[in-house]
Structure formats: structure tokens, C-alpha cells
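Here is a short briefing to read alongside the model. Feel free to keep the viewer open as you go through the points.

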Amino acid sequence: MTDDIADRAARLLHLRQQHLAKGDPVPLPITPASMFHLPGMPGGVPGYGRMDNPTWDAVEEMLTLLEAAPSLLFPSGMGAISAVMMACLNAGDRLLLPSDGYYTPRVLADRFLKNYGIEIEERPTASFAAGGFEGFAMVFIETPSNPGLDLVDIAQVSAEVRAAGGISVVDNTTMTPLGQRPLDLGADVVVASDTKAPGGHSDVLAGHVSSRSEAIIDAVRSWRTLSGGITGPFEAWMLHRSLETLEVRFDRMCTSAGIIAERLQGHLALTRLRYPGLPGDPSHNLAQVQMARSGFIIGLTLESEDKAEAFIDGCAMIQPATSFGGVHTSAERRARWGDAVPDGFVRLSVGCEPVEPLWAALKASLDRC
Ligand SMILES: *Cc1c(COP(=O)(O)O)cnc(C)c1O
């Protein structure tokens, strides 16, 4: 972790203190309110629950510190992604999506955006290095991609997209703002699913949009207010609580993933292993340049669907589940959702268990495959 990120993670824990009066509770209160006391003319204070909420404000203040950019909270990662698409694209625009990233944005684009007159093109993440962004109003980048863990050079691609007159949107879900800072590398917009590591306890959905462009933030906020896609105060409160421990959890998860990936190398049950932190990984050199950590997701390919399922089911310390980034190590065979990966590909999300018992359980199950 760079000093700058450490500094932000430290300041995060004292943000609220700046707002406290003597006798106020140290933890954030939940404010479930549709109405606010509003005599006279509105403005400058919360007016109505679809527009404002003090519990969201506290979460957005944390996200703004972590991203070093104005940030807006959404009820899910897809809420954030769809808001950027709806607020920033117009009929006749062209949108470039990764063909091997998280699949729901592609389904959304195909089922809805196409009907609104937006032209969609899909390309594999690995091909973004070759350029060719002329004519795109928006280029959507996911790095490391979920689930394949291919990387995009954010600085290069966002500069090329800008030169071609478009905006770059980076889905930073797999790294969190503690592991990668796309806006510092030149991206126009960050979107993320905070359902993953930021929520971290597999009990809340959330997402956010961050940008240093006032015009983009204004448009996205306006979309949120008018469409009504807002976060409930209870969910916002849960994310606030989780963000306070993100740095500790993320640090443990990434450190353990690095140890486990290294020990997995050469295991006979694996036909392929992907982890950006491994020196032999195709993503390694770029990861060293643009990522502060190597992440907590490992891609393992076993010989067959049966072996992959046996590895997952046979390990007492793997929670079989979709999604990732929780305190419990979890895994799933992504081909079960139709991702373009081998049948035996397993996305392993390393959790917060102490690493030695976790490794012992993983190894024991893999040795049986
Ligand atoms: C999970 C995920 C999303 C969607 O987030 P939700 O909170 O489920 O809406 C978007 N992008 C990536 C990379 C994800 O992993």
C-alpha cells in the first residue's frame, strides 16, 4: 500500500469526528426519513428522502476520501453502472464493453440501451491494448477483469479514449480504491460494486460512482434523483460500518491470496493458475505498475467440471456461492453462469481466515482432485 492510500485509510476512521458536538454518539446514527423539517424555501438542507439522506451523506464522504473525488452512493453496483450509462449516453452514441468482464452490463446494453439507439460493441479485455477507440462516446474498462483476471493499462487506454473524444469508465470492483486508483491514472469515471469487499460481510448490496468531472457527477446525481434508484438508510449504514474495516480486511485477503497463489503453483490438479501477483502471470508487469496490491481473487482451472465442483464441495473452508469479497473464502465455477471460461475454471475469493488453516483446507481438497 502506498503511503497516500495508508494516509487516506487512517483519516477515514476519523472523518465523522470532525462533525461531532459534545455528547453526540461516536458511531453514525441511522436516519430513516422521507420528510425533513422544511419551513419556508427549500435549499441547503435535506428536503426529501429521494434527494437527500444524512446516512448516505456520511458514506459518500468516506467514498469521496477514498477515491479523492466526488462520489455518489447507489443501491448496487449495477445501479451505479446503469446510472452512468443512462446519464452519459445519448441516441446515436457508440459504447464499447469488455466481452469477458462482468456479464450483466452486456445484458443491460443488449436488452435496453440498444433499443434507445445506442450502438454496442464488445471486445476482449486483452485486446484493449491495441487501441482503436475512435468514434466511441464511452469505453467501459474492467481491470482486473472478472473472472478472467486480464488487465487493461488504465493510463494508456484512458488517454487514448480522451484523445478520441470519449469518456473512460473503469469498473474497479475487483480492486477497491485501496488497491487501485483509476482516476489518478486518468480515467474519467470509476464505478464499483460495494457489495463485494467494501461491504465484505455478504449481507448488503451497494455501489458507487466517482468522478472529478462536475458535469458527470451532476448528471449522475440527477439521474439518481429522478429515477429513484436510491439506497435505503439501513443499507447505507451497513456499508458505512463495513468501510471502517475495509483496509484491515483487504490487507489480510490480499496477503493471504499472495501466499496461497504462490503455494498453488505447480499443483498437479491445476491446468492453469491466474493471479496478477505471480511473476509468471501475463498480468504481472502491468499489475506492478498500476495496482497497489495484487487482489484477493485467484483463478484456478481444473481438468473438468466434476473436478472443479469436487474441489469446491470438498473444502471445509470454501463457501460455495456466487459473488466475492466476503470475510468467508468463497468460490464458484463461473461456467455455470455462461462466462466464457473453461468448465473447470474456479474463481476463488480469498477471505479473512488465518492463512495456515485456510491453506491446509484448500490443499487437502485439491490433493483429492
Ligand atoms: C458484482 C459486480 C458488479 C455488479 O454489482 P451488484 O452490486 O451485484 O449490482 C459489477 N461489476 C463487477 C466487476 C462485479 O463483480
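A polar contact here is a pair of N or O atoms within 3.5 Å. With that cut-off in mind, start at lysine 196: an N or O atom of its side chain is 2.7 Å from an oxygen atom of the ligand, so this pair counts as a polar contact. Please remember throughout that this is a predicted model. The points below go from the ligand to a sheet and then to a loop with some unusual backbone geometry.

**Polar contacts of the ligand**

- Threonine 195 also reaches an oxygen atom of the ligand, with a side-chain N or O atom at 2.6 Å.
- On aspartate 171, a polar side-chain atom lies 2.6 Å from a ligand nitrogen atom.
- Taken alone, the ligand has 380 Å² of accessible area, and the protein covers 93% of this.

**The shell and the pocket**

- The ligand is surrounded by 14 residues, and the closest are Gly77, Met78, Asp171, Thr195 and Lys196.
- By residue class, the shell holds six polar, five nonpolar and three charged residues.
- Helix α3, which spans residues 77-88, gives the most to this shell, with three residues.
- The largest pocket is the space that the ligand takes up.

**A five-stranded sheet**

- Strands in the order β8-β9-β12-β11-β10 make up an open sheet of five, with mixed pairing.
- At its edges are β8 (270-274) and β10 (319-320), each of which pairs on one side only.
- Strands β9 (residues 297-302) and β12 (residues 345-349) run antiparallel and are joined by five bridges.
- If you would like to find this pairing in the viewer, look for isoleucine 297, whose bridge partner in β12 is serine 349.

**The loop between β4 and α5**

- Which residues does a cis peptide bond join, with omega about 10°? They are asparagine 146 and proline 147, and proline 147 is in the loop between β4 and α5.
- Another cis peptide bond runs from threonine 143 to proline 144, with omega near -10°.
- Proline 144 also belongs to the loop that links β4 (138-142) to α5 (154-163).
- Leucine 149 is found in this loop between β4 and α5 too, and its phi is near 65°, a positive value in a residue other than glycine.

Terms used
Residues are numbered from 1 along each chain as its sequence is written. This is a predicted model: local features need pLDDT of at least 70, side-chain atom pairs count only at pLDDT 80 or more; totals for chains, interfaces and linings use all residues. Side-chain values use heavy atoms; hydrogens and water are left out. A residue is near a molecule or strand if one of its heavy atoms lies within 4 Å of it. A polar contact is a pair of N or O atoms within 3.5 Å; within protein, one must be able to donate a hydrogen and the other to accept it, and residues adjacent in sequence count only if both atoms are side-chain atoms. Accessible areas come from the Shrake-Rupley method with a 1.4 Å probe; for residues, only the protein chains shown count as cover. On a 1 Å grid over the protein atoms alone, a cavity is a set of points where a 1.4 Å probe fits but cannot get out, and a pocket is an open set with protein on both sides within 12 Å along at least five of seven lines; lining residues have an atom within 4 Å of a point. A molecule sits in a cavity or pocket if more than half of its atoms lie within 2 Å of its grid points. Helices (H or I, at least four residues) and strands (E, at least two) are DSSP runs, numbered from the N terminus. Ala, Val, Leu, Ile, Met, Phe, Trp, Tyr, Cys and Pro count as nonpolar, Asp, Glu, Lys and Arg as charged, and the others, Gly among them, as polar. Two strands pair if DSSP finds at least two bridges between them.
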